[in-house]
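New to this one? Take a look at the sequence and the model, and then we can walk through a few of the side chains together.

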Amino acid sequence: MTSSFARGGCLAADTGNTWGELCAMLVLSRKKNESIVIDENIVITIVEIRGDKVRLGIEAPKEIPIHRSEVHDAIHAEHNSGEQDPPKVASAEG
């Protein structure tokens, strides 16, 4: 496994401010059926690689919401407009 850190535009969810030097993106290389572990209770496995698409399997506690970024953005846009609270449970998105 190879890895590197890249500086990104991480946002503090509660303030909207950037974390700057406190936030970095770890970039990893993985092959099919290889995994990474986050905080002892989240496992991300490369399930399939086909062309320019990678399928990921994510094992996490049920109370941790998992969404594609566009779904996450839509939930938060809806929440910020005052229409509805975001769901509190993980969803199985494909």
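Strands, labelled E, are DSSP runs of at least two residues, numbered from the N terminus. One more thing before we start: this is a predicted model.

**The nonpolar patch**

With that in hand, let's start on the surface. Ile49, Val54, Leu56 and Ile58 make up a nonpolar patch there, and together they have about 350 Å² of accessible area. Which strand gives the most to this patch? That would be strand E5, covering residues 53-59, which puts in three residues. Ile58 is a member of the patch and sits in strand E5. Its relative accessibility comes to 40%, so Ile58 counts as partly exposed.

**Thr45 and its surroundings**

Now over to strand E4, which spans residues 42-50 and is where you'll find Thr45. Is Thr45 buried or exposed? Thr45 is buried: its relative accessible area is 18%, and the cut-off for buried is under 20%. The side chain of Thr45 has a polar contact with the side chain of Ser35, at 2.7 Å. Leaving aside residues up to four places away in sequence, Thr45 touches Asn33, Glu34, Ser35, Arg55, Leu56 and Gly57. Two of those names turn up elsewhere in this tour: Leu56 belongs to the nonpolar patch, and Glu34 takes part in a salt bridge with Arg30.

**Salt bridges**

How many salt bridges does a search of the whole structure find? The search comes back with four. Here are some of them, with the N to O distance for each pair:

| Salt bridge | N to O distance |
|---|---|
| Arg30 and Glu34 | 3.2 Å |
| Glu48 and Arg50 | 2.4 Å |
| Arg68 and Glu70 | 2.8 Å |

How open are these residues? In the Arg30 and Glu34 pair, Arg30 is partly exposed, with 26% relative accessible area, and Glu34 is partly exposed too, at 27% relative accessibility. Going on to Glu48 and Arg50, Arg50 has a relative accessible area of 60%, so Arg50 is exposed; the cut-off for exposed is over 50%. As for the bridge between Arg68 and Glu70, Arg68 counts as partly exposed at 39% relative accessibility, and Glu70 is partly exposed with a relative accessible area of 46%.

There's also a network to spot: Glu48, Arg50 and Arg55 are joined into one by salt bridges that share partners. Arg55 is a name you've met already, as one of the residues that Thr45 touches.

Definitions and conventions. Residues numbered from 1 in each chain as written. Predicted model: local features only at pLDDT ≥ 70, side-chain atom pairs only at ≥ 80, totals over all residues. Heavy atoms only, no water. Salt bridge = Lys/Arg side-chain N within 4 Å of Asp/Glu carboxyl O. Buried < 20%, exposed > 50% of the residue type's maximum accessible area, 1.4 Å probe, protein only. Helix = DSSP H or I, 4+ residues; strand = E, 2+ residues; numbered from the N terminus. Polar contact = N/O pair within 3.5 Å; in protein donor to acceptor, adjacent residues only side chain to side chain. Contact = heavy atoms within 4.5 Å. Patch = residues over 30% accessible without salt bridge, like charges linked within 9 Å, V, L, I, M, F, W, Y side chains within 5 Å. Areas by Shrake-Rupley, 256 points an atom, 1.4 Å probe, with all protein chains shown as cover.
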